[in-house]
Structure formats: structure tokens, C-alpha cells
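Me: I would like to practise reading a structure feature by feature. Can we take one topic at a time?

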Amino acid sequence: MRCLVISDIHANLAAFEAVLHDAKVRQLNYEIVWCLGDVVGYGPDPNECIELLCTLPHVCLAGNHDWAVIGKLDLHTFHESAATIVRWTQDTLAPHNMNYLRARPERLEHGDFSLVHASPREPIWEYVTDVNVAEENFGFVETSYCLVGHTHVPILFVKDGRTQNVHAAFASTHVQLTFKKDSRYIVNPGSVGQPRDGDPRAAYALLDTAAGTWTQHRAEYAIHHTQQKMRAAGMPARLIDRLEYGR
Ligand code: ZN
């Protein structure tokens, strides 16, 4: 199966549309979208992003921002600027889109792939940012592959089948990886709507489960268009500015 793997759209419609357009131009021919959560939060288009996702064959996990918007997480755990947007999103989301977020699962398994927003140990909250955290998390997943988002940084962690050592590799632009059969992986496609690896372009990946390949892509989008809408909605300047730095 060919899966378009996306995460952390964060209500950035221009970025999401650019990813879908880029995948079409590259003729990636995906059969399904695997979305790893945080469809809303930070950006100006929460309704439009949920509704666009719903036009596609897809599965979608719950993220921490999604949970905050539906009242499942205490806003005190959020940065003030993020909390401001969670409240704005609560006022903006249509009831049917609220219901969509309420129905998102914390974990999914498809064959040898586990899907969570954050980490297998803490599906909503934990950041898998380094090798040590990844190593601990391999103990909380039974499948060979685990897909995560949440950090907004494309990365892959490999547990070598022979040595059992864990190492990390940043998945840079258009890098294709062929999974080794005896090894295990935790892979993050990066963020569509608010990248934090210094590259402001929208990040996504194409997973081919039959071929055992993971290909990382970036798509340019009209960042100023999203920024204009955020300004018009009175969103915090810090969140508007960071989009053009990818931090
Ligand atoms: Zn996020």
C-alpha cells in the first residue's frame, strides 16, 4: 500500500493544499493518507483543513492540540500563545468538525505499522527528540515500524537488528530509505503546517509498505498567505513570524 504520511497540519490550509498538489505533480499515487494528528491549532483554517482531509481516503490520530480544543487537555500545559489559538479555534470550529476531533483515536495499527501522534509510550504528549527517548520507546511498541509526529522535525530512529543499537538520521529533502527487514524504526515525517527544522517548506512523506520504502518530500507554499490570515484573526506575532523561519 502507498500511504501519504502527514502530521501537524495545524490549520494551515495553504501548506496542506501545497502538499497534496506536490504529491500529485510527483505522481506519488497514494491510496490512503495517514495523518498523525494536530490537524488544528496555530493556524487560521481549522474547519477547512479538517474538511479537506475528509475528502480524502484517510485515517487520523488525535494530537495534543486536537485534545486541547475539545477540552480533553488542560490549557495550562500550553504555551500562552498556543493557548490563545486553542481558544480561538474553539470559537471558530463548526460543531461537525468538533465531533470529528472527538472521534480521533490515540493509537492505530495497520499490519506491521503503529501510528501515534507523539510517542508509543505517551501517544499525546511525549517528544521523541533524541536517541535515548527513542530507545526507551521501542519497548512500548510491538510492530517493526512506528510512525510519530509532534516534534515537527523529520527524523528517523533505527534499532539495528544485529547490534540492537539505536541511531538517528535526519531525513533531509527527497531522501529515500529502504527499510531493512531485521531492523525496527520510529519515523517522523515532519510538519505540514509549522515546520521546525529550519526549512519553512511543508514536510511530508510517501510510505510504500510493499516495497518497504520511505521517501521524504518538501513542498513550497505561499507562507505570506497564511500569515495574512493569521494577522487578520489577531493571532500572536511570534506564531506568525516563525512560519517563514521554519523554527
Ligand atoms: Zn504539533
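**A buried asparagine**

Reply: Start with N137, which sits in helix 6 (residues 131-138). The model is predicted.

Me: Is N137 buried or exposed?

Reply: N137 is buried, with a relative accessible area of 0%. Leaving out residues up to four places away in sequence, N137 touches S119, P120, R121, E126, V128 and I186. Take R121, one of these contacts. N137 and R121 are 16 residues apart along the chain, and their C-alpha atoms are separated by 5.9 Å.

Me: What separates the C-alpha atoms of R102 and V175?

Reply: Those C-alpha atoms are separated by 35 Å, with the two positions 73 residues apart along the chain. R102 belongs to helix 5 (residues 95-102). R102 is partly exposed, at a relative accessible area of 47%.

**Helix faces**

Me: How do I read the buried side of a helix?

Reply: Begin with the repeat. An α-helix has 3.6 residues a turn, so residues three or four places apart point the same way. Now apply that to helix 5, where N97, M98, Y100 and L101 are buried. Down the axis of helix 5 these buried residues fall within an arc of 155 degrees, so they line one face of the helix.

Me: Which elements do the buried residues of helix 5 pack against?

Reply: They pack against helix 2 (46-54), strand 3 (58-60), helix 3 and helix 4.

Me: Which residues of helix 7 are buried?

Reply: In helix 7 (residues 223-232), the buried residues are I223, T226, Q227 and M230. Their arc around the axis is only 100 degrees, which puts them on the same side of helix 7. The cover over these buried residues includes helix 1 and helix 8 (237-245). After helix 7 comes G234, with a positive phi near 75 degrees.

**Positive phi**

Me: How should I read a positive phi?

Reply: Check the residue type. Most residues other than glycine have a negative phi, and most peptide bonds are trans. Here N29 has a positive phi, near 45 degrees, and is a residue other than glycine. D38, also other than glycine, has a positive phi near 55 degrees.

Me: Where are N29 and D38?

Reply: N29 lies in the loop between helix 1 and strand 2 (32-35). D38 lies in the loop between strand 2 and helix 2. Their exposure differs: N29 is exposed, with a relative accessible area of 55%, whereas D38 is buried, with a relative accessible area of 1%.

**The zinc site**

Me: Which protein donors does the zinc ion have?

Reply: D38 returns here, through an OD atom. The other protein donors are D8 (OD), H10 (NE2) and H152 (NE2). The donors lie 2.1 to 2.7 Å from the zinc ion. Along the chain they follow the spacing D-x1-H-x27-D-x113-H.

Me: What do the angles say about the site of the zinc ion?

Reply: The site is irregular, with angles of 88 to 175 degrees among its four donor atoms. A tetrahedral site would need all angles between 85 and 135 degrees.

Me: Where do the two histidines, H10 and H152, lie?

Reply: H10 is in the loop between strand 1 (2-6) and helix 1 (13-25). H152 is in the loop between strand 6 (145-147) and strand 7 (155-159). The pair therefore ties together parts that are 142 residues apart in sequence. H10 is buried, with a relative accessible area of 1%. H152 is buried as well, with a relative accessible area of 1%.

**Empty space**

Me: How do I look for cavities and pockets?

Reply: Use a probe. Rolling a probe the size of a water molecule over the atoms shows where empty space is left. Searching the whole structure gives one cavity of 30 Å³ or more. The largest cavity holds about 50 Å³ of space.

Me: Which residues line the largest cavity?

Reply: The lining consists of H10, N12, Y42, G43, G193, Q194, T226, M230, L239 and L243. Helix 7 and helix 8 each supply at least two residues of this lining. H10, a zinc donor, is among the lining residues.

Me: What is the volume of the largest pocket?

Reply: Its volume is about 190 Å³. The largest pocket is lined by 17 residues, and Y42, H65, A82, Y127 and R196 lie nearest its centre. Helix 3 (64-69), helix 4 (80-92) and helix 8 each supply at least two lining residues. Helix 8 gives the largest share, three residues.

Terms used. Residues numbered from 1 in each chain as written. Predicted model: local features only at pLDDT ≥ 70, side-chain atom pairs only at ≥ 80, totals over all residues. Heavy atoms only, no water. Donors = N, O, S within 2.8 Å, 3.2 Å for Na, K, Ca; no water. Tetrahedral: all angles 85-135°; square planar, octahedral: opposite > 155°, others 65-115°. Helix = DSSP H or I, 4+ residues; strand = E, 2+ residues; numbered from the N terminus. Buried < 20%, exposed > 50% of the residue type's maximum accessible area, 1.4 Å probe, protein only. Arc of directions from axis to C-beta. Contact = heavy atoms within 4.5 Å. 1 Å grid on protein atoms, 1.4 Å probe; cavity = no way out; pocket = protein on both sides within 12 Å on 5 of 7 lines; lining within 4 Å. Points joined across faces, edges and corners; volume = space filled by probe spheres on them.
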